[in-house]
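Reader: I'd like a close look at one part of this model rather than a tour of everything. Could you take a single strand and then work outwards from it?

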Amino acid sequence: ALATFTAFNCFEADDGVYFSASYEGVECWREEHGRMVGVAAAFIGLYTIGTLVFCVVVSLQYKRKLLRDPRFAQRFRFLFGRWRAQVYYYQSLRLLRNLLLAAIPTLLPYDEPQVQVTLLVFVLSASLVAQLRLRPWRVDALNLLDGGLTVALLLLLIIMGTSLCTSADGVASTACGMARSQSVVSTLLVSLMMAAGLLFAVVQWRRLLSSSTSFDIFLSHHKGGAGNTARLMKLFLSQGTRARVFYDADNLNSLDLLFEAVRSSRRVVVILSAETAQRPWCVGELAVAYQSGVPIVPVVLPSGQRLLDTLDAGSHALSDEALELLAPYDITRDDVAEVMEHVVFALEKEYSESAADATQRVVRRICGGDAGAPRQSSGLLPRDLLADLRRFKPDELTKSA
């Protein structure tokens, strides 16, 4: 966007004639410059404005086409993939902000920097308020980084604005420079910003290195039908082994990171109860695990037998409302049908009536190897963890519980 606006950027020479700031010797608003402006205007319409209009039109069609076209979210993932499902339209706001940031310093007169700085501060402040209110990025670290960069830009603009002064003929310039105290304060603030950015990068880098596989076992369950069982299984596994167990009430900070936790787990243990197949997030967890090659271990509670009978009869269709929740994560109706068929017909199931028995069966299953793992394997468990699991004694835990 910035390159397309450079043709409009002119400065006044000593003789009062205006020349292009980017192309020496080209007099503004003459024949040659007129051709440059025409080409720039065409590219602004096709590229800058056209891209923004395209994003707005696609965003307006988002909810209407999400279920009618199963591949809609995949085709336009470059527009919606970075943002939380609730703020799918944020790419349009982002492009509008960038367009204004490029247009203000190039289209406004160069000899009125106060106006430019004021408008730029307004645009960045408005975008910062929207970013803090919506928290659009799926990853919290990116929300912090985005907000921090905007604050840094605002600080630089404020420093530049306060260093401006007005000459005798009323033209703003930077000839006055900064006072010594302002220069010291500005240097300290910029240094602090750079140090904070470097520290943030180092912290995120270390987290990335240490979290290639975040969890050993992911407990997938429907709260109403298996919440207590999942909680007890988490308790038994945490007290009896060193396994890192994902339990949503303890480990989930943002719903947008739920499926990332599935991908970063070594095993998914799904506790099948009566309504598991009607819960979009439970089905979504299974679909993501299947697509990512994470082995699935089904545990069937007494109420889950009715679910298996229903699924065995071929009835595993989610409602349109439930599919609408999963569509932003590239999970379609066909994906749901495929994974449920895989769970019902391809996987060996562990039947259990108590949390202690279910935990013992899951541990025995993991130590003995998983049959029916889909597609690629997610990797073996570490040897020390396997040895730990083999020493697992649920009877002692049941007595202590």
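Reader: Which residues point one way from β8, and which point the other way?

Author: Happy to! Please keep in mind that this is a predicted model, in which local features need pLDDT of at least 70 and side-chain atom pairs count only at pLDDT 80 or more, while totals for chains, interfaces and linings use all residues. Residues are numbered from 1 along each chain as its sequence is written, and side-chain values use heavy atoms, with hydrogens and water left out.

Now to your strand. Ile296, Pro298 and Val300 point to one side of β8, Val297 and Val299 point to the other, and all are buried (under 20% relative accessible area with a 1.4 Å probe, protein chains only; exposed is over 50%, and partly exposed lies in between). Since five of the five residues of β8 are buried, the strand is largely enclosed by the rest of the structure. Strands here are DSSP runs of E with at least two residues, helices are runs of H or I with at least four, and both are numbered from the N terminus.

What lies alongside? Strand β7 (residues 265–272) runs parallel to β8 (residues 296–300), and five bridges join them. Val268 sits opposite Ile296, and Val269 has Val297 as its bridge partner in β8. Both strands belong to an open sheet of five strands, with parallel pairing and the order β6-β5-β7-β8-β9; strands pair here if DSSP finds at least two bridges between them. The edges are taken by β6 and β9 (350–351), each with a single partner strand, so one side of each has no neighbour in the sheet.

Following the chain out of β8 brings us to Leu301, in the loop between β8 and α14 (304–312). With 8% relative accessibility, Leu301 counts as buried. Leaving aside residues up to four places away in sequence, Leu301 touches Gly225, Ala226, Thr229, Ile271, Leu272 and Ser352 (contact means heavy atoms within 4.5 Å). Leu301 and Tyr351 are 50 residues apart along the chain, yet their C-alpha atoms are separated by 6.4 Å. Across the chain, residues 24 or more positions apart account for 69% of the contacts with a separation of 6 or more.

Elsewhere, aromatic rings are worth a look, with 16 aromatic pairs in the structure. Rings of Phe, Tyr and Trp (its six-membered ring) pair if their centres lie within 6.5 Å; planes under 30 degrees apart are stacked, over 60 edge-to-face, and the rest tilted. The pair of Phe72 and Phe76 is tilted, because the planes stand at 50 degrees, with the ring centres 5.1 Å apart. Phe72 is buried at 1% relative accessibility, and Phe76 is buried at 15%. Back in the sheet, Phe218 and Phe246 make a stacked pair, 4.4 Å centre to centre with 5 degrees between the planes. This pair links distant parts of the chain, since Phe218 is in β5 (residues 215–220) and Phe246 is in β6 (residues 245–246), 28 residues apart. Phe218 and Phe246 are both buried.

As a backdrop to your strand, the chain has 19 helices and nine strands, and 43% of its 401 residues count as buried.
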